[in-house]
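Below are some comments on the side-chain contacts of this model, set out as numbered points. Please read them with the coordinates open.

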Amino acid sequence: MSAVSPIDVPIDVATKRQLGAGERTAERSVTKRTKKRLTSRGATIASLIIALLWTVPTFGLFISSIRPAALINTTGWWTIFQNPGFTFDNYSQVLKAGNSQLNLGQAFINSIAITLPATLIPLTLASLAAYGFAWMNFKGKNWMFIGVFALQIVPLQMALVPLLSLFSRGLNIGGVQLFAGLNASGSYTQVWIAHTIFGLPLVIFLLHNFIAELPAELIEAARVDGAGHGQIFFRIVLPLTMPAIASIAIFQFLWVWNDLLVALVFADGEVAPMTKLLAEITGGRGQDWQLLTSGAFISILVPLIVFFALQRFFVRGLLAGSTKG
Amino acid sequence: MSDFFNWISTLPALAQIPLVVGAFVVVVAVILFFVEIAPRSGRRYTIIRLAVCVLAPLAIFVFLGSVAWAAAVAAVLGGVFFLLDYRSKQGAGYLFQLVGFLAPALILLLIGLVYPTILTAIAAFQNNRGNRFIGFENFVWIFTQPTGIRVVLNTIIWVLIVPAFSTAIGLAYAVFIDKSRGEKFFKILVFMPMAISFVGASIIWKFVYTARPAGQNQIGLLNQIVVLFGGQPTDFVANSPWNTLFLIVVLVWIQTGFAMVVLSAAIKGVPTEQLEAAELDGTNAWERFINVTVPGIRSSLIVVLTTISIASLKVFDIVRTMTAGANSTSVIANEMYTQWKGFENGRSAAFALVLFVLVLPIVVYNARQIQKQREIR
């Protein structure tokens, strides 16, 4: 969102110079402080070492993924200059690799088809619920909210198996069928619903922190003007929380894209995402490094693009409001 | 609804996205429309409300393929609900709006998390076919088998080491690069692993750890370093007990960036005046850090430690892809999946319950924190 800039107030030249001088002094003291911090040489070296340790493994993966298979298996990637050689065969090879039902290229499309709805649906439902928790009064609101928060920490493992049988068999209580099974194995439906449900608690919690921080006067004023909750939500709350929604959406996207456990349980055969197929390749052909490195790089490519394109949003956006003491 | 999903699953993958999203948007739009209509007075709107109270549950049950009289029950409930609403102190239609906003999420949570959790808790005390209660037998099995104990112990090792190291390294890094030149760039370098899937990260680190027999060229970076210093190449993920630590390194590598970003934002929120006042009192940098900065970022530290603790309790992907639990590296989440795949539902559920018990203290602590915050508001 664009920052609101104040209108330039007309001032005389002397005042302007004075103000400018003040600014300059402030700037100078900031640089002075920065200098003082940087004199600690040990800290600088330590941070350089950490940065190096955290980057080199990924860098090595990338270099390896574009080297011919024979070279990967006989020489280290750091000897690329002594043993030069580039190829994109690994990539075309890995896109065709897979199991009897699908290859990595199709799994890539599956990942997209799973991730987009599984990002959008929970975010919408959660923003509705977060508004309800933040700006509507009802009995037991606090307890209910804490209950939703606590669900966030229920291990997914607790829910997986019963949810799977719920999908396939429906729900029967005392011989009465409340709803029938979805009958939808082999489609994305199960994965969408599962990701939606598992994402909800955390997304509600994070979004609630933002929506509750909005000034109460704003909501009151709208209500006095005769706006209903639907309008307030749509016209005021939604636009104002867009930065937060964007940052949380990016995270939900990364979580769903990177998930393996839900995929293993709910996405069978033809609809499996890339993580599942990659895990299979790792298990079955653990020594085919040219496949593993290029496959891994394809799987991290989309998250990395999303990450580099949008990181300025979520670095500051994700936890604002949730860490208030 | 079942038919809709069946139909949609016959389409090509990418065509399914707009259709599902479109259908979903329509549903939300309808909810918002009725929420907006709800508080309006007048006979017409009253009739609409009444109709929705009866028709909405009916529609839902019909779509879910249920018996008709279940829908009738829902209609009666709808009527009661309507009457209650009519007398509500908050104005007509308030309850109606409330349900519109909260029900979709809450119903999904009830179906998808609360109900399954209860079922799993019950299944933990049943035999593997789920038709007979066998008391604590499953738990006895876990805690009398050397492998079972090992699995629980490994999980505890994960949850002790990962949060401590990632938070410490993240905090140190955040402090070191604070206000330095190129801070943003340095942040991205360490934060990047957050974007990489656990499976991808596992492959990256498998490649770092991989070993070739002595005498050959090493292709794994770590073994190359070992050989460089005159050591023998070792297969890091194969040799117990240290292999668990080498797996833990991967999660630390992933989570440090998260800790660093959150703590860095918190450090910037510590008032400069306090730091300057401490400086005037003649304290050194370390004292200022312990006495001013750390108390200032306490709540962020708690959030970071909690989040990473939960992530490491539930760790699954890394163990699954790097060792599949072999060579005594298994953790609860992985063992639970393995047991389930082997049709040992009772044991699988028992593992899940053990995991839940381990997470419980963290839930209670954080719920209390939230309650305190909400009371302040």
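1. Over all chains, the structure, which is a predicted model, holds 21 aromatic pairs. One of them joins A:Phe108 and A:Trp257 in an edge-to-face arrangement, with 5.9 Å from centre to centre and 80° between the planes. This pair links distant parts of the chain, since A:Phe108 belongs to helix H5 (residues 104-135) of chain A and A:Trp257 to helix H11 (residues 242-258) of chain A, 149 residues apart. A:Trp257 is buried at a relative accessible area of 3%, whereas A:Phe108, at 23%, counts as partly exposed.

2. In chain B, the ring centres of B:Trp286 and B:Phe289 are 5.7 Å apart and their planes meet at 35°, so this pair is tilted. Both residues lie in helix H13 (residues 285-296) of chain B, three residues apart, which is about one turn of the helix. Their accessibilities are 59% for B:Trp286, which counts as exposed, and 17% for B:Phe289, which counts as buried. Ring pairs also link B:Trp205, B:Tyr209, B:Phe246 and B:Trp253 into a cluster.

3. How many salt bridges does a search of the whole structure find? There are three over all chains, and one of them is formed by B:Asp178 and B:Lys268, whose closest N and O atoms are 2.5 Å apart. The two residues are 90 residues apart and connect distant parts of the chain, B:Asp178 being in the loop between helix H7 (146-177) and helix H8 (183-191) of chain B and B:Lys268 in helix H11 (residues 243-268) of chain B. B:Asp178 is buried, with a relative accessible area of 6%, while B:Lys268 is partly exposed at 45%.

4. For H7(B), 32 residues at 1.5 Å a residue should span 46 Å, and the end C-alpha atoms are indeed 46 Å apart, which agrees. Just after H7(B), B:Lys179 takes a positive phi of about 65°.

5. A salt bridge in chain A joins A:Glu220 and A:Arg223, with the closest N and O atoms 3.7 Å apart. Because these residues are three apart in helix H9 (residues 216-224) of chain A, about one helical turn separates them. Both are partly exposed, A:Glu220 at 41% and A:Arg223 at 34%.

6. B:Glu344 and B:Arg347 also form a salt bridge, their closest N and O atoms being 3.8 Å apart; the 4 Å cut-off is what admits this contact. B:Glu344 is partly exposed at 22%, as is B:Arg347 at 23%. The charged end of B:Arg347 also sits over the ring of B:Trp141, 4.0 Å from its centre.

Key:
Residues are numbered from 1 along each chain as its sequence is written. Chains are lettered from A and ligands numbered from 1 in the order in which they are written. This is a predicted model: local features need pLDDT of at least 70, side-chain atom pairs count only at pLDDT 80 or more; totals for chains, interfaces and linings use all residues. Side-chain values use heavy atoms; hydrogens and water are left out. A salt bridge is a side-chain nitrogen of Lys or Arg within 4 Å of a carboxyl oxygen of Asp or Glu. Helices (H or I, at least four residues) and strands (E, at least two) are DSSP runs, numbered from the N terminus. Buried means under 20% relative accessible area, exposed over 50%, partly exposed in between (1.4 Å probe, protein chains only). The expected span of a helix is 1.5 Å times one less than its number of residues. Rings of Phe, Tyr and Trp (its six-membered ring) pair if their centres lie within 6.5 Å; planes under 30 degrees apart count as stacked, over 60 as edge-to-face and the rest as tilted. A charge sits over a ring if NZ of Lys or CZ of Arg is within 6 Å of the ring centre and within 35 degrees of the ring normal.
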